[in-house]
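Me: I am new to this structure and would like to go through it step by step, with the reasoning shown for each answer. Here is what I am looking at.

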Amino acid sequence: MSESGEISEFGYIMELLAKGKVTIKNIEKELICPACKELFTHPLILPCQHSICHKCVKELLLSVDDSFNDVASDNSNQSSPRLRLPSPSMDKIDRINRPGWKRNSLTPRPTTIPCPGCERDVDLGERGVSGLFRNFTLETIVERYRQAARAATAIMCDLCKPPPQESTKSCMDCSASYCNECFKIYHPWGTVKAQHEYVGPTTNFRPKILMCPEHETERINMYCELCRRPVCHLCKLGGNHSNHRVTTMSSAYKTLKEKLSKDIDFLIGKESQVKSQISELSLLIKETECNGERAKEEALAHFQKLFEILEDRKSSVVKAIDSSKKLRVDKFHTQMEEYQGLLENNGLVGYAQEVLKETDQSCFVQTAKQLHLRIQKATESLKSFRPAAQTSFEDYVVNTTRQTELLGELSFFSSGIDIPEINEEQSKVYNNALINWHHPEKDKADSYVLEYRKINRDEEMMSWNEMEVHNTSKVVSNLESNSHYAFRVRAYKGSICSPCSRELILHTPPAPVFSFLFDEKCGYNNEHLLLNLKRDRVESRAGFNILLAAERIQVGYYTSLDYIIGDVGITKGKHFWACRVEPYSYLVKVGVASSDKLQEWLRSPRDAASPRYEQDSGHDSGSEDACFVSSPPFTLVTIGMKKFFIPKSPTSSNERENRVLPMPASIGIFLDYDKGKVSFYDTDGMKCLYERQVDCSHTMYPAFALMGSGGIQLEEPITAKYLEYEEDV
């Protein structure tokens, strides 16, 4: 963007500010650093695309470095007034303390920091802070707001003698501000300085050219579409972006500006809708607050009822214990009084001594008889002492084990239906989408409702489509190609509904699915290949034919590829198909080939004794590097030994580590006949692995080749019968 364009844009923003359509407070939220919570100062762009102050990045690195050097000093950085981040977890500190800790590197110093914006760990690479781009656009906007906030404070001339005058211009080349007189003196007409770029008064002097952080002397002139970051031509030729798709900076600028403008226009056009949704959210907030208070009151009432029950039971238990205690103590007191009477001059013994003093025989006999019985009873009690009551209260121990467990499990009332869980491994998308879920309480649910909707940023939020299901899987058809869809499911028991499951996002193929089977007539070698009855699976069997041909070991024998093609050709449109290569396969090739090239392959005799014949090069030479055809009549990629090999290219790095990828579970092929382009996908997430131009002047066929042990299984279209087959399995 030119400086005049930026000034006009700034004037437009200031006009909106003056009219009150845009408030500084609202826009300021986008200009606050997530680490220091202040306006950005020299913001840098992290690999996760979030921006953070240059100083904050250094503080984060210091905090990680301190943890790396001394775990005991984990509080040293918490006193920083700018960094408001939690201290590193013990797990992170443990990882840092391991020798050589650094993601994908042997460097023993940590360069991974937690991003304050997304709270994920980001790796700054070997160059650390030096490898990060400066966000000049954000820096310029922040400076504009600083100027708007301090509009009453003028920027003074840097060259005036005291007292300085108010500046009217700032030179971006000189990085200084001037008043009118000083500007004329230091930028005289007809000199080189007169050609300097000048703007309105500012304190933000940024360089005019954005340089590559990897190659500091090179200008940024390309944009990597895979990494979504600017790069230079050296990054593309032999750097980390050699195999990535890049575009010119002008094209990326135009595309991204159009998208951003379109998104902004969309948001502005939906202002009334946003306001209505904000009003709805305000009502929902009030309703939530009221419902929350009501739920809180109900919960307190339930707990109060429990408290009352516990208080009542406590009173009953305490009363029973007190009654038993009083009864036992009374018995002990009575028994103790009886024994005290046996003492001399006390009680019964004293009374008996007084009776013995009676001289009248008749009176003595009358009293002594009863007294004698009492003394005999007391004498017997002395021989076998037994307490009148038990001192233990074992029968009065309160057992609260079961109640404690129940109270520990005390939770909110549930509808009685568990939330279904979508099985991501068994759910997939091909020509249709197959959604499979698991429900812990399957027998309790009468039915399920599967909901799905298309995820599209350019249109209004799509409404959920509902499908009633009476089992735990469903095929969803009529989905648009090259689109993202969200799926979720909930269970029903009568009129009671469970909450929705976690959403599953699936990416549909880039084109309609092309249906075909293996051709058993055209070029099929039944001596080496074994085709099943359904003609959707082929296996290569290296048997006695090869051994017999190699009977002279000293000479050796070289095998050739065995080709097999699809039984349907393509003459127009966009088509997509997928297949699975068995993990034990030694060498398998998949792709497309034209009808004339197939005739050459399938009808020409093989020179099996020559090791220089390479079937996928298109010529009889010993080197694939001899020439590169920009649009050959075929394209095949090699899969084998659990690896996916990207073909060589004259415009990208041909180093081994850049060409060898892990073998996907399922490989997708997308042919755009009209544009003459073929692409290869990892169907798990529909990620494009490799694409190139192909000559589509003739009928194109799905082509496959095998050598040694191997197997190819065509992806089976998903239909209603697929569910019956899965249940039978």
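Me: Where in the chain does Arg-535 lie, in terms of the strands around it?
Reply: This is a predicted model, so what follows describes a prediction. Arg-535 is not itself part of a strand run here, since its place falls after one strand and before the next in the numbering, with E21 covering 529-531 and E22 covering 537-540. Arg-535 therefore belongs to the loop between strand E21 and strand E22.

Me: What is the phi of Arg-535 near, and is the residue buried or exposed, or something in between?
Reply: Most residues other than glycine have a negative phi. Arg-535 has a positive value although it is not glycine, with phi near 60°. Its relative accessible area is 21%, and because buried means under 20%, Arg-535 counts as partly exposed.

Me: Which loop holds Asn-478, and what is its relative accessible area?
Reply: Asn-478 is another residue other than glycine with a positive phi, near 60°. It sits in the loop between strand E17 (473-476) and strand E18 (484-493). Asn-478 is exposed, because its relative accessible area is 74%.

Me: Which two residues does a cis peptide bond join, and what is omega about?
Reply: Most peptide bonds are trans. The second residue of the pair, Pro-163, is placed in the loop between helix H5 (136-149) and strand E6 (169-171). The cis bond joins Pro-162 and Pro-163, and omega is about -5°.

Me: How many salt bridges does a search of the whole structure find, and how far apart are the closest N and O atoms of Asp-446 and Lys-493?
Reply: The search of the whole structure finds 19 salt bridges. The bridge between Asp-446 and Lys-493 links distant parts of the chain, 47 residues apart, with Asp-446 in the loop between strand E14 (433-438) and strand E15 (447-455) and Lys-493 in strand E18. Asp-446 is partly exposed at 44% relative accessibility, and Lys-493 is also partly exposed, at 37%. The closest N and O atoms of this pair are separated by 3.5 Å.

Me: How many residues apart in sequence are the parts that Arg-580 and Glu-715 tie together?
Reply: The side chains of Arg-580 and Glu-715 meet in a salt bridge of 3.1 Å, N to O. Arg-580 lies in strand E24 (residues 574-581), whereas Glu-715 is in the loop between strand E33 (710-714) and helix H16 (720-728), so the parts that the pair ties together are separated in sequence by 135 residues.

Me: Is Glu-715 buried or exposed?
Reply: Its partner Arg-580 has 35% relative accessibility and counts as partly exposed. For Glu-715 the relative accessibility is 11%, and because the cut-off for buried is under 20%, Glu-715 counts as buried.

Me: Which residues does His-187 touch, once residues up to four places away in sequence are set aside?
Reply: His-187 lies in the loop between helix H6 (180-186) and E8. It is buried, because its relative accessible area is 6%. With residues up to four places away in sequence not counted, His-187 touches Cys-171, Cys-174, Tyr-178, Lys-193, Ala-194 and His-196.

Me: What separates the C-alpha atoms of Gly-200 and Lys-169?
Reply: Gly-200 has its place in the loop between strand E8 (198-199) and strand E9 (222-224). Leaving aside its neighbours within four places in sequence, Gly-200 is in contact with Thr-168 and Ser-170. Lys-169 is 31 residues away along the chain, yet its C-alpha atom and that of Gly-200 are separated by 4.8 Å.

Me: Which element gives the most to the nonpolar patch on the surface?
Reply: The patch, of about 650 Å², is made by Phe-303, Leu-306, Phe-307, Ile-309, Leu-310, Leu-407 and Leu-410. One of these, Leu-310, is found in helix H9 and is exposed, with a relative accessible area of 52%. With five residues, the element that gives the most is H9.

Me: Which residues gather in a patch of negative charge on the surface?
Reply: One member of the patch, Glu-289, lies in helix H9, which covers residues 271-340. Glu-289 counts as exposed, because its relative accessibility is 51%. The residues that gather there are Glu-289, Glu-293, Glu-297 and Glu-298.

Methods
Residues numbered from 1 in each chain as written. Predicted model: local features only at pLDDT ≥ 70, side-chain atom pairs only at ≥ 80, totals over all residues. Heavy atoms only, no water. Patch = residues over 30% accessible without salt bridge, like charges linked within 9 Å, V, L, I, M, F, W, Y side chains within 5 Å. Areas by Shrake-Rupley, 256 points an atom, 1.4 Å probe, with all protein chains shown as cover. Salt bridge = Lys/Arg side-chain N within 4 Å of Asp/Glu carboxyl O. Lys, Arg positive; Asp, Glu negative; His and termini not counted. Charge placed at Lys NZ, Arg CZ, Asp CG, Glu CD. Helix = DSSP H or I, 4+ residues; strand = E, 2+ residues; numbered from the N terminus. Buried < 20%, exposed > 50% of the residue type's maximum accessible area, 1.4 Å probe, protein only. Contact = heavy atoms within 4.5 Å.
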